[in-house]
Amino acid sequence: MSLAEPSIDDVVVRESAADDDIILSAKGVTVGFGTKIILKDLDLDVRRGEILGFVGGSGTGKSVLMRAILGLTPKQAGTISVFGHNLTGVSPVIRKSIERRWGVLFQQGALFSSLSVKQNIQVPMREHLSLSPQLMDELALLKLELVGLPQDAADKLPSELSGGMIKRASLARALALDPDLVFLDEPTSGLDPIGAAAFDELIKNLSETLGLTVYMVTHDLDSLHSICDRIAVLADKKVLAIGTLDDMMKNDHPWIKSYFRGPRALRRM
Amino acid sequence: MAFLDKIIPPAFSLDGSVPGRKTLTLTGDWTVNSAESAERLLGSIDLAPDQVVCIDISRIESLDTSGAWLVHRFRGGLEFGGKRTELIGLDEKRKVLFRELEKHHPPAWKPERQRFSIVGFLEATGRVGVDAVKDGLAMLNILGTLGAVLATVLPHPKRLRSISVAVQFDRSCIGGVPIVALMSFLIGAIISQQGGFYLKQFGVEVYVVDLAGILILREMGVILTAIMVAGRSGSAFTAELGSMRMQEEVDALHVIGMSVTEVLVLPRILALMIALPILTFISDISALFGAGLVTWSYLDIPPQAFLVQLQAAISTKTLMVGLVKAPFMALIVGLIACVEGLKVEGSSESLGRHTTMSVVKAIFLVIVVDGVFAIFFAAIGV
C-alpha cells in the first residue's frame, strides 16, 4: 500500500449531492450464466430510509440481482452504485468502507458453523473495529435481544439452533455494525406466522429508529402489506413495476394481477 | 444520518453552574466506528461529589445502538453508584431507541479465561483414551453391519449397487493410476540409486536388483499405495459422508428406510478393496521399471542382466505377499474413512477435524497392520 492511499479510518463514503436520496441504484444491469440471460437492462433505485419489498416468481433472478449488487455474481453490463459510488471502479479502501455500511441476511442464514452465535455477531466488529472485549460482548448480547433471541442462545453453535433462530442470529450479525443498508433474502420464510409478524415488526422498528434502508426479497404477502413502503416486481428479466401496494393492486399485468389479487392474496383481505 | 464526510470524534463538556447538579453535554458522533474512543471518554469523566447528573444528548451528531448503549451503560453505572440521573434532549427516534435499550439487561460481564491445570490435562488424556475405545467399537460396529449387509446382498446380487461401486472404483482406482505410478517410479529409482551407492563400495552392486525387487514387492509397493489411497480416497470418503451428515442427507436416508451401510459404506469399501490390489500391482511394476532404469544408467547393469537377476531373486510368492495385504489395507482405510465421516457434527470445523483424523488414523493403522503381517509371514515361513 502506498503512503498516499488513505487508510480505512479516514475514508468515509461521500455522495454526490444530486442523488442524495437514492442509496442504491442499478442501471442497465445484465447478468447471465453462459448463454442464458437472467437479467437484462435492469434499472432499480432504492431510496434512503425506505423498506423496499422485492417480489418475483421463483427462478426469475431475485437472489441473482441481490448477489450482483453485492458483487458475488459478475454482471455482464450495467452499473451499480451504492451510497453514490459506482461499485465497478471503486478502490479497495472505499469498497471496504462500503461493505462496513451494509449488512446481509442470506437465505440460509450463512452463520459460520464453527463459531458460537456470539462470536458470529462479533466477527464484523473484530474485523473492522478495535473494541474492548467487554463492549463487544455487551453489544453482541444487545443485538441478540434486539432481534428477539434469548441471551442463553449466545453460546450455542449454529447447528444447535432452530431455523427461525438461525434467521434471527443471522440478522443480528447483519446488524452488528449498525449498517445503513440491509439486504434480506426471504427473511420470514420458514417462520411461524407469529414469528414472522414479530420479524416484520422488528424490521420496521429498526428501520424507524436507526434510519435503516431495507432491501427485502420476500414472498410473504403479509410483510408486503404491513411494512413495505414500496414494492418492486421482477419479471421478464427486468423490474416490471415499482410502487406502493396500491399501485400494484391497480396494475393490470397478468402476473402482478395474479400475485396481488390472486386467490391467496384476496383471502387475507 | 450516518453519511458523514469525516467522523467527528466524541467529546463532552461539563457544566457545574448549579450547585449539586451537573449537566453533561455530549457532542460528536456516537456510533460504532467511534465506540472505542467514546468508551474511553466515558471512563475518564469524573463527577465525584454531585448527586444529580443531567445527560444532554441533543448535540450528538449521529447516534446508533452502540453509542446509545454506551450512554445507557454509563447512566446505569452512575445510578448504581447512588447518583440521580436524567437524560435530556431526546427526539422521537432516539426516545424509541433508548426505550428499546432499557429492556435489555445483560448479565455481569465475565472475561473468558482458560487456565492450564494438571486436572484438566489428566481429564483430556482420559477423554482421548475413552474416544479411542469408542472408535474401536464404532469400527467393529460398521464391520459387523457390513458383514450383515453383505450377507443379505450376496444372495440377491441385484441389491448390490453395482453402478455405485463402479463409480467409486473409477474415482479411487482409475483416477489414482497416474499419481501412484509416478510416485512408485520415483521411489523405485531412489531405492536402487541409494542401494547402489552403498553396495558399490563392496563391489556387489548387482545385489541392488535383489534389494529393490524384494523391498518393492513385499513392502514398499503396498504401503505406499495404501498411504496414497488413504490420502486420496479416504479423505474424500470422509468429506463426502461428513457433508452429507451436515446437510441431514444421512438422516433422510434413514427415514426413507435405506441402510446407510448398504447405500454409502458398502460400495465405497468394496470399490476400494478391488482398487487397492490393482493399484498395488501397478505400483510394483512401475517401481521395478524405475529401479531398472536407474541400475542401467547409474550402475551399468543392462536390462537383460537386471531381469535375469530379478528372476533369481523373487518368485510369485514375493509378489503375492504384497498383493495379499492390499485388500486388508483397503478395508482399514475405507472403514476408518466411513466411521470418521459419520462422526461429523454440524460445523465445518468438525468436518475438517474428522477428515484429518481419518487420514492420520488410516496411515497409522496401515503401518501397524503391515507389521502384524510381517510377523505372521515370518511365523508361517514365507
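This is a short chat about strand pairing, the chain contact and some annotated spans in a predicted model.

Q: Let's start with the strands in chain A. How do E1 and E4 pair?
A: Strand E1 (residues 22-33) and strand E4 (residues 77-82) of chain A run antiparallel, with 5 bridges between them. One spot to look at is A:Thr30, which sits opposite A:Ala77 in E4(A).

Q: And how many bridges link E4(A) to E5(A)?
A: There are 2 bridges, again in the antiparallel sense, and E5 covers residues 85-86 of chain A. A:Ser81 has A:Asn86 in E5(A) as its bridge partner.

Q: What's in the turn of that hairpin?
A: E4(A) and E5(A) have 2 residues between them. A:Phe83 is in the turn, and its phi is positive, about 55 degrees.

Q: OK, switching to the contact. How many residues does each of chains A and B bring?
A: Chain A gives 31 residues and chain B gives 31 residues.

Q: Which elements of chain A give two or more residues to that side?
A: Helix H4 (133-146) and helix H6 (193-210) of chain A. H4(A) makes the largest share, with 10 residues.

Q: What about nonpolar, polar and charged on the chain A side?
A: That side splits into 14 nonpolar, 9 polar and 8 charged residues.

Q: Last topic: which "transmembrane region" spans does UniProt list for chain B?
A: The unreviewed entry lists several, including residues 278-299 and 359-380.

Q: How much helix is in residues 278-299 of chain B?
A: That span is 100% helix and 0% strand, with its end C-alpha atoms 31 Å apart. For residues 359-380 of chain B, the model gives 95% helix and 0% strand, and the end C-alpha atoms lie 31 Å apart.

Notes
Residues numbered from 1 in each chain as written. Chains lettered and ligands numbered in written order. Predicted model: local features only at pLDDT ≥ 70, side-chain atom pairs only at ≥ 80, totals over all residues. Pairing = 2+ DSSP bridges. Helix = DSSP H or I, 4+ residues; strand = E, 2+ residues; numbered from the N terminus. Contact = placed C-beta atoms within 7 Å. Nonpolar A, V, L, I, M, F, W, Y, C, P; charged D, E, K, R; others polar. UniProt positions renumbered as here; feature names shortened; annotations may be inferred.
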